[in-house]
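Work through the exercises below with the model open. Try each task before reading its solution.

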Amino acid sequence: QRFMEDSLVAAGAPLSEAKAQTDLLLHADVVGHFSHGLNRLELYINDMKNGICQPNDKPVVLKESAATAWVDGVHALGATVGNFCMDIAIQKARESGVGWVSVKGCNHFGMAGYWALKAEREGLIGMAYTNSAPIMTPTRAKNSAVGTNPIAMAAPAGGGNSLVVDMATTAAAMGKVEMQMRKGEKVPQGWALGPDAKPTTDAKVAFESGRLMPLGGFEETSGYKGYGLATMVEVFCSGLSGSNPSHRVAGWSYTQAVSPNMGHCFVAVDPERFAPGFQERVKDCLEHYRNLEPVDPALPVLAPGDKEKNNEAKTRERGTILYPKAQIESYNKMAERIGVKPIATA
């Protein structure tokens with residue numbers, strides 16, 4: 001936490017926004033989604049130093065109604081835009097039952113589930129979507145045209161429980177390919193295509209090719225469904241906000257010089273405006289799923305969101321986050337370059 005905050009401030013972020021961005025990144029690492037945590041920090045640093053991200057600017061509402069808002073993210077930090085927009089969605093849901101916010105002029109907003117959970121903690125159903133650079137290869141296509149375009153939804157349940165869905169519409173997010181590359185391990189069959197448009201399990205080839213497969217993989221295994229979901233997200237994000245569509249978003253890199261102008265969408269829904277007993281019904285579903293007889297007794301059936309909750313509990317009990325050695329070494333080189341104290345390791 002200290003290292004991330006120091007690094008973001010050194011790159012030009014106000015302390016308040018550095019703390020918000022750090023909370024977003026740390027959440028991903030604590031719950032076990034390492035692709036969206038520390039792994040992303042240097043890209044944010046470079047975006048600020050290259051002038052692509054404007055960490056001191058505040059988003060602006062361009063148009064609104066009782067239940068909707070159109071926002072300009074003014075290329076601020078992902079957490080700055082996310083907090084601004086989901087706060088509006090939450091407020092409108094409290095007043096009108098539903099809050100729907102679409103925003104243009106965005107940089108990357110981190111782990112989508114973080115934003116859905118922000119509404120869930122207020123007793124609301126939260127949803128978050130974003131488009132991204134074109135790294136999904138549509139079914140039957142040779143080249144990428146759609147983003148990983150994630151979908152996130154979090155719903156409160158009785159007894160302090162929750163149901164959380166957070167997934168890319170590609171078979172895996174590019175950050176997970178990066179993590180396999182850092183660990184020197186292969187990616188599973190069905191994640192990516194190489195430059196020849198044929199399947200590859202080489203993480204480096206998959207990363208450099210930038211041709212991730214849709215959720216479901218090949219056409220024979222229903223990959224067109226992941227492709228369809230990604231285009232649905234595209235409509236919510238670029239279609240409503242006026243941002244760049246995925247096929248016009250610049251790829252995220254350490255040398256990027258053009259703003260991505262991505263689109264996000266944040267939604268909050270008040271379940272109390274509908275049938276009574278919402279949280280108890282969600283809780284009943286969660287308990288039913290968890291009590292199903294597993295194929296392997298050592299691997300109990302999980303409800304959506306349980307894996308992250310279990311990872312968080314283990315991380316907090318252990319008292320530290322476990323990163324690959326190569327990742328720590330890489331960030332300590334960055335620390336020397338930008339003049340901050342390096343990460344302390346156990």
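The exercises cover salt bridges, a helix, aromatic pairs, cysteines and a pocket.

This is a predicted model, in which local features need pLDDT of at least 70, side-chain atom pairs count only at pLDDT 80 or more, and totals for chains, interfaces and linings use all residues. Residues are numbered from 1 along each chain as its sequence is written, and side-chain values use heavy atoms, with hydrogens and water left out.

**Exercise 1. Salt bridges across the chain**

Task: Find how many salt bridges the whole structure holds. Then place the pairs Glu17 and Lys58, and Arg140 and Glu219.

Solution.
Step 1. Apply the criterion: a side-chain nitrogen of Lys or Arg within 4 Å of a carboxyl oxygen of Asp or Glu. The search of the whole structure returns 14 salt bridges.
Step 2. Take Glu17 and Lys58. Their side chains form a salt bridge with an N to O distance of 3.0 Å. Glu17 is in helix H2 (residues 15-30), while Lys58 is in the loop between helix H3 (38-49) and strand E1 (60-64). The two residues are 41 residues apart, so the pair links distant parts of the chain.Step 3. Check accessibility (buried is under 20% relative accessible area, exposed over 50%, partly exposed in between; 1.4 Å probe, protein chains only). Glu17 counts as buried at 10%, whereas Lys58 counts as exposed at 51%.
Step 4. Turn to Arg140 and Glu219. Their closest N and O atoms are 2.8 Å apart. Arg140 lies in the loop between strand E4 (125-130) and strand E5 (151-157), and Glu219 in the loop between strand E9 (211-212) and helix H8 (223-241), so the salt bridge ties together parts 79 residues apart in sequence. Arg140 is exposed at 74%; Glu219 is partly exposed at 32%.

**Exercise 2. Helices**

Task: Describe the spacing of Arg316 and Glu312, then compare the expected span of helix H4 with its end C-alpha distance.

Solution.
Step 1. Helices (H or I, at least four residues) and strands (E, at least two) are DSSP runs, numbered from the N terminus.
Step 2. Arg316 and Glu312 form a salt bridge, 3.0 Å from N to O. Both are in helix H10 (residues 306-318), and because they are 4 residues apart, about one helical turn separates them. Arg316 is exposed at 57% relative accessible area, and Glu312 is partly exposed at 28%.
Step 3. For H4 (residues 78-96), use the expected span: 1.5 Å times one less than the number of residues. With 19 residues, H4 should span 27 Å; the end C-alpha atoms are 26 Å apart, which agrees.
Step 4. Look just past H4. Gly97 has a positive phi of about 95° there.

**Exercise 3. Aromatic pairs**

Task: Classify the ring pairs Trp115 and Phe266, and Tyr129 and Phe236.

Solution.
Step 1. Rings of Phe, Tyr and Trp (its six-membered ring) pair if their centres lie within 6.5 Å; planes under 30 degrees apart count as stacked, over 60 as edge-to-face and the rest as tilted. The structure has 8 aromatic pairs.
Step 2. The ring centres of Trp115 and Phe266 are 6.2 Å apart and the planes stand at 90°, so this pair is edge-to-face. The pair connects distant parts of the chain: Trp115 is in helix H5 (residues 112-120) and Phe266 in strand E10 (residues 262-269), 151 residues apart.
Step 3. Trp115 is buried at 0% relative accessibility. Phe266 is buried too, at 0%.
Step 4. Tyr129 and Phe236 are edge-to-face, with 5.1 Å between centres and 65° between planes. Tyr129 belongs to strand E4 and Phe236 to helix H8, so the pair ties together parts 107 residues apart in sequence. Tyr129 is buried at 6%.
Step 5. Group the rings. Phe109, Tyr114, Trp115 and Phe266 make up one aromatic cluster.

**Exercise 4. Cysteines**

Task: Count the disulfides in the structure, then find which cysteine sulfur is nearest to that of Cys53.

Solution.
Step 1. A disulfide is a pair of cysteine sulfur atoms within 2.5 Å. The search finds 0 disulfides.
Step 2. For Cys53, the nearest cysteine sulfur is that of Cys106, 11 Å away.
Step 3. Cys53 is buried at 3% relative accessibility. Cys285 is partly exposed at 32%.

**Exercise 5. The second largest pocket**

Task: Give the volume of the second largest pocket and name the elements that give two or more residues to its lining.

Solution.
Step 1. The pocket holds about 1100 Å³ of space.
Step 2. The lining has 40 residues, and those closest to the pocket centre are Leu26, Val30, Thr315, Ile321 and Tyr323.
Step 3. Helix H1 (2-10), H2, H5, strand E6 (161-167) and H10 each give two or more residues to the lining. H2 supplies the largest share, 6 residues.
Step 4. On a 1 Å grid over the protein atoms alone, a pocket is an open set of points where a 1.4 Å probe fits, with protein on both sides within 12 Å along at least five of seven lines; lining residues have an atom within 4 Å of a point.

Note on methods. Points joined across faces, edges and corners; volume = space filled by probe spheres on them.
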